[in-house]
Amino acid sequence: MRQIFNLFDFKQKVDYKTEVLAGLTVAMTMIPESLSFAILAGFPPLMGLYASIIMCLVTAIFGGRPGMISGGAGATVIVLIALMKSNGLEYVLAAVALAGVIQIIIGVFKLGKFIRLVPHPVMFGFVNGLAIIIFMSQLDQFKTVVNGDIVWLTGTSLYIMAGLVALTIAVVVFLPKLTKAVPSSLVAIIIVFLLVYFLGINTKTVEDIASISGGFPPFHIPNIPLNWETLELIAPYSMIMAAVGLTEGLLTLNLVDEITETKGNGNRECIAQGGANILNGFFFGMGGCPMIAQTLVNLSAGSRARLSGIIAAFTILGIVLFGAPIIEQVPMAALVGVMIMVAIGTFEWASLKIFNKVPKKDIFLVITVALITVILHNLALAVLVGVILSALFFAWESAKRIRARKSIDENGVKHYEIYGPLFFASTTNFAEKFDVVNDPKEIIIDFKDSRIADMSAIEALNQVTQRYSKVGKKVHLRHLSKDCRRLLSNADGIIEVNILEDPNYKVVTDKP
């Protein structure tokens, strides 16, 4: 029972000032990003903020990783754009709720552990791709609309924007060298805001993206027909959204584990994320997942507990209800500067230093995963491709390691001692080891330092024994492990071999 109700680790030492300031900083950086992606997908702008409030609050309280921030993330929203255009908002809300159900099922059945299958080069590529996306998305703020066309800023507007961004970056970089009492990102936002406000500088603000004034997230049951056709329509979107959200979430969790040198709970995070997305579907949220940029802002501000996420959620809610007129005047340049520094901090610069020190296949993986992430904005696909390529590389390397040591004993029996795993990729090399024509009447294949791994291995054994059988020669197998024997027993209709029972060896301490 303690594990169910112990939502917070009360033994953890919490720096309340740091957590509150970190939460305020996270809220400032989350608002423009959530609004931008909501508008990009064709949703009402407030849907982005409602999603951030719900995701941030629920996962901060119930999630598996203190310090990790969730919100209305673009990675999951991009999946829903096609559904929004073809079927409208009601179907989007239903798809978000169904994605939440799928995520809870994955967490309940403890399938989050499969994130361990993601190799380190894939992690490097994923993180580098995200850093590039974060940086490139900030370049959109250097554009404006002229006569209905989107064009780059020029002249004074460009100089002002660039100057304010540079000022923000300078504060973020140099303030920590003077004091770490307050998050440098929050101080940078306040300084640029005050400078623009009191000097009357004309530059783009949050208000130019969208109005953020509103009420509490309203309860709403998606108005869709409850039938099989509806499920067939929304299920693919829901599954992709769930996969993308959990992939980004669990990879972000692993990243936070490395930074904080602590251990999170991936399955608990899956359940929390799923619950938050179900609420999103019934409270006009566009859905979301953990946000790596805001998480890194939170960690760099010194947060290590759940409080900052709760503060961020209530800060955004308070701004929607009461503080919109003020926050809408925050210059976008300040937020752009903060996010550029997040992108620089997110990028794994160490991956560039090791290019000449690691196998070429690992470099290929890093580049491939990063390119898919940047070009397609599909994190699940990028990671899936990376894992598949890693598995193929591993299979190829393992296939080359199978070998056989040959000898003939005093009875004229030829022994083949096999080294390395026998599986689908190594069967060809395995078959080439045997000299059927010139071998004696009886041979023994010794698997003491090998194992039979799959049906391809069984078929390879079958082909070898058949070749010997056709010329009247007998094959014995020795030193098979229990799982190998079980595999051969299950394939009894495919292969018939003689298995030599291994003697029971005794160590010197055994009594006769």
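## Helices H9 and H11

H9 passes H11 in a right-handed crossing; a crossing is right-handed if the near helix is turned clockwise from the far one by less than a right angle, and left-handed if anticlockwise. H9 covers residues 228-260 and H11 residues 292-300, and their axes come within 10 Å and cross at roughly 20 degrees. Such axes are lines fitted to C-alpha atoms, for helices over the stretch in contact, with angles running from 0 to 180 degrees between N-to-C directions. The two helices are therefore roughly parallel to each other, since angles under 35 degrees count as roughly parallel, over 145 as roughly antiparallel, 65 to 115 as roughly perpendicular and the rest as oblique. Helices (H or I, at least four residues) and strands (E, at least two) are DSSP runs, numbered from the N terminus.

On the H9 side, Glu248, Thr252, Leu255, Val256, Ile259 and Thr260 meet Ile292, Thr295, Leu296 and Leu299 of H11; contact means heavy atoms within 4.5 Å. H11 is mostly covered, with eight of its nine residues buried. Buried stands for under 20% relative accessible area, exposed for over 50%, and partly exposed for in between (1.4 Å probe, protein chains only). The buried residues of H11 include polar names such as Gln294, Thr295 and Asn298. Just after H11, Gly302 takes a positive phi of about 100 degrees.

## How far to trust the model

This is a predicted model, in which local features need pLDDT of at least 70 and side-chain atom pairs count only at pLDDT 80 or more, while totals for chains, interfaces and linings use all residues. Residues are numbered from 1 along each chain as its sequence is written, and side-chain values use heavy atoms, with hydrogens and water left out.

The pLDDT is the predictor's confidence in each residue, from 0 to 100. Its mean over the chain is 84, and 92% of the residues reach 70 or more. Over residues 1-6 the pLDDT is below 50, and this stretch has one contact in the model beyond near neighbours in sequence. Residues 503-512 also have a pLDDT below 50, again with one contact beyond near neighbours in sequence. Where pLDDT is low, the predicted coordinates should not be read in detail.

## Helices H5 and H10

Now for a second helix pair. H5 and H10 pack at an angle of about 160 degrees, with their axes 7 Å apart. That makes H5 roughly antiparallel to H10, and the crossing of the two is left-handed. Among the H5 residues that meet H10 are Leu93, Val96, Gly100, Ile104 and Gly107, while the H10 residues that meet H5 include Cys270, Gly274, Asn277, Ile278 and Gly281.

Asn280 is found in helix H10 and is buried, with a relative accessible area of 0%. Not counting residues up to four places away in sequence, Asn280 touches Tyr50, Ala51, Ile54, Met55, Leu93, Val96, Gly285, Met286 and Gly287. Gly266 lies in H10 too and counts as buried at 19% relative accessibility. Leaving aside neighbours within four places in sequence, Gly266 is in contact with Leu250 and Leu253. From Gly266 to Gly285 there are 19 residues in sequence and 23 Å in space, C-alpha to C-alpha.

## Nonpolar cores and Phe43

A nonpolar core is a set of buried Ala, Val, Leu, Ile, Met, Phe, Trp, Tyr and Cys residues joined through side-chain atoms within 4.5 Å. The largest has 93 residues, and those with the most contacts inside it are Met28, Ile31, Leu35, Phe43, Ile212, Met286 and Ile316. Apart from it lies another core, of 22 residues, among them Phe430, Ile445, Leu461 and Leu477.

Phe43 lies in the loop between helix H2 (16-41) and helix H3 (45-62), yet it is buried, with a relative accessible area of 4%. Leaving aside neighbours within four places in sequence, Phe43 is in contact with Ala38, Val77, Leu80, Met84, Leu89, Val92 and Met286.

## Other local details

Two residues have a positive phi of about 55 degrees although neither is a glycine: Lys110 and Phe284. Lys110 lies in the loop between helix H5 (89-108) and helix H6 (120-139), and Phe284 in the loop between helix H10 (266-282) and strand S4 (289-290).

Ser398 has its place in helix H16 (residues 379-399). With a relative accessible area of 5%, Ser398 is buried, and it touches Pro421 and Phe423, not counting residues up to four places away in sequence.
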